[in-house]
Amino acid sequence: MNDIITWCNANNGFLTAVLSVVGLLLSIIAITVSINAARLPYKKKLKLSSSMDVRFEKVNDKVKSKIVGISVNAANIGSRNINITYLGIMVKDKSLSGKTQKMTKIRDTITGTGIIAPTEIKTELYSKDDLLNSLSLVGKNAKIYIYATDSESKDYYKYLGYTEKLAISLSTK
């Protein structure tokens, strides 16, 4: 123990440098944590999902199901309001040199736009007939995405599938 105390007294500059580096590291960690904590109230995040809408009917004591369309949902899981300018389905067709096009509804108005508060969900409904008509206009291997754009020009995507598979699943039931 006496040897350690003697060495520390002889090498005072080395221990000061080690303690300075440790203090500098702790300061950097504290600054990083405080910057991240300051950004939390301004975090913007949108989660996209979709589901098939099914209608059940009872005919002659038998229950029949029928797909009536697809719902596209956008949930605000961030900490601030997001102004959605488009919510719906987008098609990316490689036969058109990779260009993308947004699907618009023929019979209904787009209702999934507007301001979404934190923990709020907006939904856009696409009828089966509108989807099948729109999907028939693009190639079979076109990719379909759930797509949303906000007023700050940030795009949100989620892969849904290929045109052919979606058309088959919509038309068979």
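Trp7, Phe14, Val18, Val21, Val22, Leu25, Leu26, Ile29 and Val33 form a nonpolar surface patch of about 870 Å². Such patches consist of residues with over 30% relative accessible area and no salt bridge, nonpolar side chains being joined within 5 Å; areas follow the Shrake-Rupley method with a 1.4 Å probe, and a salt bridge places a side-chain nitrogen of Lys or Arg within 4 Å of a carboxyl oxygen of Asp or Glu. This is a predicted model, in which local features need pLDDT of at least 70 and side-chain atom pairs pLDDT 80 or more, while totals for chains, interfaces and linings use all residues. Residues are numbered from 1 along each chain, and side-chain values use heavy atoms, without hydrogens and water.

Helix α2 (residues 12–39) contributes the most to the patch, with 8 residues; helices are DSSP runs of H or I of at least four residues, strands E runs of at least two. Val21 lies in helix α2 and, because its relative accessibility is 48%, counts as partly exposed (between 20% and 50%).

An open sheet of 3 strands follows the order β1-β2-β6 with antiparallel pairing, where pairing requires at least two DSSP bridges. β1 (46–59) and β6 (121–127) each have a single partner strand, so one side of each lacks a neighbour in the sheet. Neighbouring strands are turned by 30° on average, direction ignored. β1 and β2 (residues 62–76) pair over 14 bridges, and Glu57 has Lys64 in β2 as its bridge partner.

Two helices lie across the sheet strands. Helix α3 (residues 128–135) lies across β2 and β6, at about 70° to β6, with contact meaning heavy atoms within 4.5 Å. Helix α4 (residues 163–171) lies across β1 and β2, at about 140° to β2; angles run from 0 to 180 degrees between N-to-C directions of axes fitted to C-alpha atoms, for helices over the stretch in contact.

Technical notes
Patches are made of residues with over 30% relative accessible area and no salt bridge: like charges are joined within 9 Å, nonpolar side chains (Val, Leu, Ile, Met, Phe, Trp, Tyr) within 5 Å. Buried means under 20% relative accessible area, exposed over 50%, partly exposed in between (1.4 Å probe, protein chains only).
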